[in-house]
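Reader: I would like a close look at one part of this chain, the helix that meets the last helix, together with the residues around it. Please set out the cut-offs as you go.

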Amino acid sequence: MSIDYSDMAFPKPIRKKKQRKHKKSILKTRKGVCYLCSRLNGDYRIKYTEEHHILYGGGRRTRAEGEGVKVYLCVYHHREGQQAVHNNREIRELLCRTAQEEYEQTHTHDEWMEIAGKNYL
């Protein structure tokens, strides 16, 4: 519900939220298909997915999202299962390696290091 402040001596200005436009993922992923299910198990079924930011911490998440370093994962591979990226270091580093390989096909290694701060290859 919107409140009308036009009858006040000093009406409050209407503020709009800034909406950011983010690039699509550099990895071959789309909403509804889990990247890890398709890569590891060949399962391309449509299911509920969540966006996972591959790089995080120290402002890396925002910069990585701007560059498209993200994937869609099912709940099992994102946060709840044994192979979830938030529970399994090997799977997390697999995603980082894959993202770095894909990123460096169109960018330099130095640009990757500027975004990620770590070499995963």
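Author: What follows starts with the chain as a whole and then turns to helix H4 and its surroundings. This is a predicted model, in which local features need pLDDT of at least 70 and side-chain atom pairs count only at pLDDT 80 or more, while totals for chains, interfaces and linings use all residues. Residues are numbered from 1 along each chain as its sequence is written, and side-chain values use heavy atoms, with hydrogens and water left out.

The secondary structure of the chain comes to five helices and two strands, where helices (H or I, at least four residues) and strands (E, at least two) are DSSP runs numbered from the N terminus. Read from the N terminus on, the order of these elements is α-β-α-β-α-α-α. Of the 121 residues in the chain, 37% are buried, a word that stands for under 20% relative accessible area, with exposed meaning over 50% and partly exposed the range in between (1.4 Å probe, protein chains only). The accessible surface of the chain comes to about 8900 Å², and 49% of this belongs to carbon and sulfur atoms; such areas come from the Shrake-Rupley method with a 1.4 Å probe, and for residues only the protein chains shown count as cover. Where contacts (heavy atoms within 4.5 Å) join residues at least 6 apart in sequence, 54% of them join residues at least 24 apart.

Helix H4 (residues 89–103) packs against helix H5 (residues 109–116) at an angle of about 140°, with the axes 10 Å apart; axes are lines fitted to C-alpha atoms, for helices over the stretch in contact, and angles run from 0 to 180 degrees between N-to-C directions. That angle makes H4 oblique to H5, because angles under 35 degrees count as roughly parallel, over 145 as roughly antiparallel, 65 to 115 as roughly perpendicular and the rest as oblique. On the H4 side the contact is made by Cys-96, Ala-99, Gln-100 and Tyr-103, and on the H5 side by His-109, Glu-111, Trp-112 and Ile-115. Cys-96, one of these residues, is buried at a relative accessible area of 4%.

H5 also packs with helix H2 (residues 60–67), again at an angle of about 140°, but here the axes are 9 Å apart. H2 is therefore oblique to H5 as well, and the residues that make this contact are Arg-60, Arg-63, Ala-64 and Glu-67 of H2 with Glu-114, Ile-115 and Ala-116 of H5.

Thr-98 is found in H4 and is buried, with a relative accessible area of 8%. Not counting residues up to four places away in sequence, Thr-98 touches Leu-27, Tyr-35 and Arg-39. Leu-27 itself lies in the segment before helix H1 (35–41) and counts as buried at 3% relative accessibility. With the same exclusion of residues up to four places away, Leu-27 touches Tyr-35, Ile-54, Val-71, Thr-98, Ala-99 and Glu-102. The C-alpha atoms of Leu-27 and Gln-100 are separated by 10.0 Å, although these residues are 73 residues apart along the chain.

Ahead of H4, Asn-88 is found in the loop between helix H3 (75–80) and H4. Asn-88 touches Gln-82 and Gln-83, residues up to four places away in sequence not being counted, and its C-alpha atom is separated by 9.4 Å from that of His-77, 11 residues apart along the chain.
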